[in-house]
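The following exercises concern the architecture and side-chain pairing of one protein chain. Each task is followed by a solution in steps.

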Amino acid sequence: MIKLYGIEIRFHPLFSLLMLGAVLTGYFAELLTLFAIVLIHELGHVAAAKSFGWNVIRIEMLPFGGVAETDDRGRASAWEEAAVALAGPLQNGWMAVFAMAMGALGLWETEWLSYFIRANTIIGLFNLLPILPLDGGKLLQSFVCRWLPYYRTLLVCSSVSLLMSALLAAASLAPVHSGGIHLNMLAIAMFLFVSNWQSYRNTAFLFMRFLMNREPKLEKLILQGTLAQPIVAFRNRKLSDIVRLFMRDKYHIIYVMNERGRIQAVLPEQKLLDAYFRNGQSESAISDVFVLE
């Protein structure tokens, strides 16, 4: 573990083994170059996150790249998450362009220049794949949550990530008939598949964390002024069903309706969340929790 500008950088055990293998096989210079590229990629995320006031916990170097762990405390908007996600691949873009300029000026040797440009291109494009926790997966999640409730967003993005991970694994096995497979790609695909399978199974927990972080988000929305997103629900609808309709960057007003279509109550979402958490009535109907006309 090392620290850079006060940010903790950790090495995954498999990454350490990869470095040892590179030393033994004579590819340490190439691995050191990849390490620098990935680190700059992650520092791009860190710089963007800090510009939005996020707390950066650490950078962890993984066998297939790195992950900048942040804590936005539920205050980040979808577009902020998208900007932070894009900041990484943008570093690979400018590094590749800079290398091409150095090559055109004859300042860098051709062999190393070609490797540097290819590495940046592969890392940048790979991270844009729509698979969580890659940058492309985060971009997908930021895009989907603008139109779907957050609970459904979690399910959709986990499902897409699982499918894309499986397709990546299939692509790594495609050359098997010609005498070989892409072991690195297969290992990465399996890592991503297992990670997203766990996320899919933990959807309820991830959604609960989203709800628990709603309060600072609601305060920010109210202070800056926002259009409310209405939710219409029958009086016998359970609180758990209603909160699953909450959207990430929206403030909700809930209209409670009886069987004859008459509005019996208009509730701000804070009241539903208060009943959902503090009163232990998440599976109760609205009519059993609130006094309706």
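Contact, as used in these exercises, means heavy atoms within 4.5 Å. By that criterion, Met 208, Leu 211 and Met 212 in α8 meet Leu 273, Tyr 276 and Phe 277 in α11. The model is predicted.

**Exercise 1. Overall composition**

Task: State how many helices and strands the chain has, and what share of its residues is buried.

Solution.
Step 1. The chain contains 12 helices and 7 strands.
Step 2. Of its 293 residues, 42% are buried.
Step 3. Considering contacts between residues at least 6 apart in sequence, 62% join residues at least 24 apart.

**Exercise 2. The contact of α8 with α11**

Task: Determine how α8 is oriented relative to α11 and classify the residues of their contact.

Solution.
Step 1. Helix α8 spans residues 203-212, and its axis is 11 Å from that of α11, at an angle of about 125°.
Step 2. Angles under 35 degrees count as roughly parallel, over 145 as roughly antiparallel and 65 to 115 as roughly perpendicular, the rest being oblique. The arrangement of α8 and α11 is therefore oblique.
Step 3. The crossing of α8 past α11 is left-handed.
Step 4. The contact of α8 with α11 comprises 6 nonpolar residues, with no polar and no charged ones.

**Exercise 3. The contact of α6 with α7**

Task: Establish the relative orientation of α6 and α7, and describe the place of Ala 169 in this pair.

Solution.
Step 1. Helix α6 (residues 150-173) packs on helix α7 (residues 183-201) at an angle of about 160°, and the axes are 8 Å apart.
Step 2. The two helices are therefore roughly antiparallel.
Step 3. The crossing of α6 past α7 is left-handed.
Step 4. On the α6 side the contact includes Leu 155, Leu 162 and Ala 169, and on the α7 side it includes Leu 186, Ala 189 and Trp 197. By class, the residues of this contact are 14 nonpolar, 7 polar and no charged.
Step 5. Ala 169 belongs to α6. Its relative accessible area is 11%, so Ala 169 is buried, the cut-off being under 20%.
Step 6. Leaving aside residues up to four places away in sequence, Ala 169 touches Leu 186 and Ala 189. Ala 169 and Leu 186 are 17 residues apart along the chain, and their C-alpha atoms are separated by 5.1 Å.

**Exercise 4. The contact of α3 with α5**

Task: Give the orientation of α3 and α5 and the classes of the residues that meet.

Solution.
Step 1. Helix α3 covers residues 78-104, and its axis lies 9 Å from that of α5 at an angle of about 160°.
Step 2. The helices α3 and α5 are therefore roughly antiparallel, and α3 passes α5 in a left-handed crossing.
Step 3. In α3 the residues involved are Ala 78, Glu 81, Ala 82, Ala 85, Leu 86 and Pro 89, which meet Asp 135, Lys 138, Leu 139, Gln 141 and Ser 142 in α5.
Step 4. This contact of α3 with α5 has 6 nonpolar, 2 polar and 3 charged residues.

**Exercise 5. Salt bridges**

Task: State the number of salt bridges, then characterise the pairs formed by Arg 214, Lys 238 and Arg 237.

Solution.
Step 1. Side chains of opposite charge can pair when their charged atoms come close.
Step 2. There are 4 salt bridges in the structure. In one of them, Glu 269 pairs with Arg 214, with 2.9 Å between the closest N and O atoms. Because Glu 269 lies in helix α11 (residues 269-278) and Arg 214 in helix α9 (residues 214-224), the pair ties together parts 55 residues apart in sequence. Both Glu 269 and Arg 214 are buried.
Step 3. Glu 283 forms a salt bridge with Lys 238, the closest N and O atoms being 3.0 Å apart. Glu 283 is in the loop between α11 and α12, and Lys 238 is in the loop between β5 and α10, so this pair ties together parts 45 residues apart in sequence. Lys 238 is partly exposed, at 31% relative accessibility.
Step 4. Asp 241 and Arg 237 form a salt bridge at 3.9 Å, N to O. Asp 241 is partly exposed at a relative accessible area of 26%, and Arg 237 is partly exposed at 32%.

**Exercise 6. A cis peptide bond**

Task: Locate the cis peptide bond that joins Leu 132 to its partner.

Solution.
Step 1. The cis bond joins Leu 132 and Pro 133, with omega about 0°.
Step 2. Pro 133 is placed in the loop between α4 (110-127) and α5 (135-144).

Note on methods
Residues are numbered from 1 along each chain as its sequence is written. This is a predicted model: local features need pLDDT of at least 70, side-chain atom pairs count only at pLDDT 80 or more; totals for chains, interfaces and linings use all residues. Side-chain values use heavy atoms; hydrogens and water are left out. A salt bridge is a side-chain nitrogen of Lys or Arg within 4 Å of a carboxyl oxygen of Asp or Glu. Helices (H or I, at least four residues) and strands (E, at least two) are DSSP runs, numbered from the N terminus. Buried means under 20% relative accessible area, exposed over 50%, partly exposed in between (1.4 Å probe, protein chains only). Axes are lines fitted to C-alpha atoms, for helices over the stretch in contact, and angles run from 0 to 180 degrees between N-to-C directions. A crossing is left-handed if the near helix is turned anticlockwise from the far one by less than a right angle, and right-handed if clockwise. Ala, Val, Leu, Ile, Met, Phe, Trp, Tyr, Cys and Pro count as nonpolar, Asp, Glu, Lys and Arg as charged, and the others, Gly among them, as polar.
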